[in-house]
Amino acid sequence: MTEPAKDFRSERMPSPEGKGLARQAWDTYAKAVDKVARPPLEPVVTRIAAPMTSDLLGFWLCWQLEGGFEGLRRLGMSRSAIYRRIRLFRMAFDAHPDEFTMPGVSIDLDVYHGG
C-alpha cells in the first residue's frame with residue numbers, strides 16, 4: 001500500500017513568491033533587456049502613447065455620452081471593436097470605462113441630449 005501524498009498546503013512560505021528565486025531571476029533579466037531595448041524603443045512608444053491615450057479617452061467619452069455598450073452599437077461600432085477598446089482601456093486606466101471617472105471632467109447628459 002502506498003502512503004498518501006504529503007499535503008504542503010499547511011506549510012507556510014515566506015510569501016506567495018516562495019523564496020523569490022524566479023522573481024529575482026526575472027528582475028535581473030528585465031533590467032538587462034530594459035537597458036538595451038529602452039533607448040531605441042522609447043521614441044516609438046512615446047509617439048504611439050499620445051494618440052492611443054486620446055483615442056481611449058474619446059472612447060470613454062462616447063461610452064458615457066451614448067449610454068455604454070448598446071449606445072456604441074447604435075453609433076455603428078462592432079462588438080469586437082468595443083470589446084477591444086474596453087480591454088485596452090482597462091489595461092491603460094485600470095478601470096472599466098463604465099466605472100472610470102476623470103478628475104475635473106463632468107458630463108451633463110441633459111445638455112448633450114438637448115434637454
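**Exercise 1. The charges around Arg38**

Task: Find the residue that forms a salt bridge with Glu42 in this predicted model, and work out which network the pair belongs to.

Solution:
- Step 1. Start at Glu42: this residue forms a salt bridge with Arg38, and the closest N and O atoms are 3.9 Å apart. The model is predicted, so keep in mind that side-chain atom pairs count only at pLDDT 80 or more.
- Step 2. Check the spacing along the helix. Because Glu42 and Arg38 are four residues apart in helix α1, about one helical turn separates them.
- Step 3. Now look at Arg38 again. A salt bridge also joins Arg38 to Asp34, with 3.2 Å between the closest N and O atoms. Here too the two residues are four apart in helix α1, so about one helical turn lies between Arg38 and Asp34.
- Step 4. Put the pairs together: Asp34, Arg38 and Glu42 are linked in a network of salt bridges.
- Step 5. Add the surroundings. Glu42 is partly exposed, with a relative accessible area of 42%. Arg38 is partly exposed, with a value of 42%, and Asp34 is partly exposed at 35%.
- Step 6. Recall the general idea behind such pairs: side chains of opposite charge can pair when their charged atoms come close.

**Exercise 2. A link between two helices**

Task: Decide which residue forms a salt bridge with Asp55, and where the two partners sit.

Solution:
- Step 1. The partner of Asp55 is Arg85, the closest N and O atoms of this salt bridge being 3.8 Å apart.
- Step 2. Place the partners: Asp55 is in helix α1 and Arg85 is in helix α3, 30 residues apart, so the pair links distant parts of the chain.
- Step 3. Classify both residues. Asp55 counts as partly exposed because its relative accessibility is 39%; Arg85 counts as partly exposed because its value is 25%.
- Step 4. For the tally, the structure holds four salt bridges, the Asp55 and Arg85 pair being one of the kind.

**Exercise 3. The span of α1**

Task: Compare the span of helix α1 with that of a straight helix of 46 residues, and find where α1 bends.

Solution:
- Step 1. At 1.5 Å a residue, a straight helix of 46 residues would span 68 Å.
- Step 2. Between its end C-alpha atoms, helix α1 (residues 21-66) spans only 49 Å.
- Step 3. Look for a bend: α1 bends by about 60° at Arg38. Within four residues a proline follows, Pro39.
- Step 4. Inspect what comes after the helix. Gly67 follows α1, and the phi of Gly67 is positive, near 90°.

**Exercise 4. The buried side of α1**

Task: List the buried residues of α1 and say which helices they pack against.

Solution:
- Step 1. The buried residues of α1 are Leu56, Phe59, Trp60, Trp63, Leu65 and Glu66. The cut-off for buried is under 20% relative accessible area.
- Step 2. These buried residues pack against α2 (69-75), α3 and α4.

**Exercise 5. The loop between α3 and α4**

Task: Describe Asp94, Asp98 and Ile107, which call for a look at the loop between α3 and α4.

Solution:
- Step 1. Asp94 is found in this loop. The phi of Asp94 is near 55°, a positive value in a residue other than glycine. With a relative accessible area of 70%, Asp94 is exposed.
- Step 2. Asp98 also has its place in the loop between α3 and α4, and is exposed at 52%. Leaving aside neighbours within four places in sequence, Asp98 is in contact with Trp63 and Gln64. The C-alpha atoms of Asp98 and Gly68 are separated by 7.0 Å, although the residues are 30 apart along the chain.
- Step 3. Ile107 lies in the loop between α3 (79-93) and α4 (109-112). Ile107 counts as partly exposed because its relative accessibility is 31%.
- Step 4. Ile107 helps make a nonpolar surface patch of about 390 Å², together with Leu61, Val105, Leu109 and Tyr112.

**Exercise 6. Before the first helix**

Task: Place Lys6, and say whether this residue is buried or exposed.

Solution:
- Step 1. Lys6 lies in the segment before α1.
- Step 2. Lys6 counts as exposed because its relative accessibility is 56%.
- Step 3. From C-alpha to C-alpha, Lys6 and Gly20 are 23 Å apart in space, and 14 residues apart in sequence.

How values were computed. Residues are numbered from 1 along each chain as its sequence is written. Side-chain values use heavy atoms; hydrogens and water are left out. Patches are made of residues with over 30% relative accessible area and no salt bridge: like charges are joined within 9 Å, nonpolar side chains (Val, Leu, Ile, Met, Phe, Trp, Tyr) within 5 Å. Accessible areas come from the Shrake-Rupley method with a 1.4 Å probe; for residues, only the protein chains shown count as cover. A salt bridge is a side-chain nitrogen of Lys or Arg within 4 Å of a carboxyl oxygen of Asp or Glu. Buried means under 20% relative accessible area, exposed over 50%, partly exposed in between (1.4 Å probe, protein chains only). The expected span of a helix is 1.5 Å times one less than its number of residues. The bend at a residue is the angle between axes fitted to the seven residues ending there and the seven starting there. Contact means heavy atoms within 4.5 Å.
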